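Work through the exercises below with the structure open beside you, and try each task before you read its solution.

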Amino acid sequence: MSNNCAISNNTNVDLDFDRKHIWHPYTSTVSPLTCYPVESAQGVEIVLEDGRKLVDGMSSWWSTIHGYNHPALNQAAKNQIDKMSHVMFGGITHKPAVDLCQKLLSIAPSSLNHVFLSDSGSVAVEVSLKMALQYWHSKGEKRSKFLALRNGYHGDTFAAMSVTDPDNSMHSLYKGFLPQHVFSQAPSIGFYQQWDESCLDDIKHQVASHHTDIAAIILEPIVQGAGGMRIYHPNYLKGVRALCDQYGLLLIADEIATGLGRTGKMFACEHAEIEPDILCIGKAITGGYVTLAATLTTSHVANTVCEGEAGCFMHGPTFMGNPLACSIANASLDLLATGEWIQQVRNIESYFAKTLPSLTKYERVKEVRWLGAIGVVEARTPVNMETIQKAFVDAGVWIRPFGKLIYIMPPYIIDTHSLDKLIEAIRLTLDRSDCFQS
Ligand SMILES: *Cc1c(COP(=O)(O)O)cnc(C)c1O
């Protein structure tokens, strides 16, 4: 615990209070990890209170795609806040929300026609699951199961957690409270590997045995994020779409991490040239400024839901369609609309292709993989979080590994010099045994 004080001399932040009273993501109140006080952020850099600048390899968890403190996003926020920050969405509409939904539908797969706005990724997933359940209820069928994938991650709220990998999300802790769903093996063939149809055997088998109970299959297209950073073959996704069609199941694509350009396509589904029945978008939608998410669906699903007993979709968050968030999201989507991201993400991808393979010479490295602006180094043993985090900060970068995974998904605007810093920092830690558990 004493290392918490190592950086507390130069800061106005009451780190002692933070450590004693504030929960951070996935941390302990009993033995909290060090937290680094941040003063500001600009472009691809996070500025610590003590003045050190760190190249951000995380895009603040997939969200800050255009970089921090972006003039266009700042301006959008300022313009909107002088009109109204929020107004309820029940019985009221406004230009920021209408503009945003038009933009989302124009970039989304063409079969999607209806947008449900919500507050965060987990809520967008809850909404998608409720839509699927209400869809089958309207059709007079009792279906209460979802099929999800091992190593999948869909959020931390209860329904989202129930379709997240049972081991990673500690289902055993919530036994009796979490609904039991059907899990299929994670796709075993990588994006660039030779395709083999047997990769679909397990999910085919699961669907064949459970399809009369299953409302929908939910998955993260092409890249499984927080559940293992696995990048899989597009033919797997094609095969799952075909299975859904064969059995009349809905397909929910959770593109909260992969959507909006991260994998090199606007949506990862495009790698497989398929369209989902329901699509979840979040994380990067406001360029990392404020929380907002969306669930998109087809007219067929929306209308079936609303022709049922309830006569409507039973959901309506207080901050639905928040004008401030929508305005910033509009500015973020306008930046994407310039198309500059395509070359930026391509450049990051070729940088990873050039640099990551050289890291496999470290005995500590089990595998490296990449796609678009996502780079992953999988170690043989879990990292030592406290030590490796400090090593990264000392090397001038912000990278936050979990378990055996050191992964980076930088802002699209990052240049080669800053990418070099990220890779060099990773190389440095791979040389240090104290950064890893044995
Ligand atoms: C982050 C994430 C979520 C949850 O989003 P929150 O905004 O953290 O609630 C859901 N699904 C995927 C694929 C994610 O990466």
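A polar contact is a pair of N or O atoms within 3.5 Å; within protein, one must be able to donate a hydrogen and the other to accept it, and residues adjacent in sequence count only if both atoms are side-chain atoms. The model is predicted, so that local features need pLDDT of at least 70 and side-chain atom pairs count only at pLDDT 80 or more, while totals for chains, interfaces and linings use all residues. Residues are numbered from 1 along each chain as its sequence is written, and side-chain values use heavy atoms, with hydrogens and water left out.

**Exercise 1. Find the side chains that make polar contacts with the ligand.**

Step 1. Begin with the surroundings, counting a residue as near if one of its heavy atoms lies within 4 Å; the residues around the ligand include Ser120, Tyr153, His154, Glu220 and Ile256.

Step 2. Look next at the oxygen atoms of the ligand: one is 2.5 Å from an N or O atom in the side chain of Lys283, and a polar side-chain atom of Ser122 lies 2.7 Å from an oxygen atom of the ligand.

Step 3. Turn to nitrogen, where a polar side-chain atom of Asp254 lies 2.7 Å from a nitrogen atom of the ligand.

**Exercise 2. Describe how domain 1 and domain 2 meet.**

Step 1. Locate the domains, whose bounds come from an automatic or database domain assignment: domain 1 covers 15-69 + 340-435, and domain 2 covers 83-337.

Step 2. Count the residues in contact (heavy atoms within 4.5 Å), which are 25 from domain 1 and 30 from domain 2.

Step 3. Consider buried area, the accessible area (1.4 Å probe) that two parts lose on being put together, summed over both; the two domains bury about 2300 Å² between them, 64% of it on carbon and sulfur atoms. On the side of domain 1, Trp62, Trp341 and Leu371 lose the most area to domain 2, together 33% of what that side buries.

Step 4. Finish with the polar pairs, of which the rule finds 12 residue pairs across the interface, both residues at pLDDT 80 or more.
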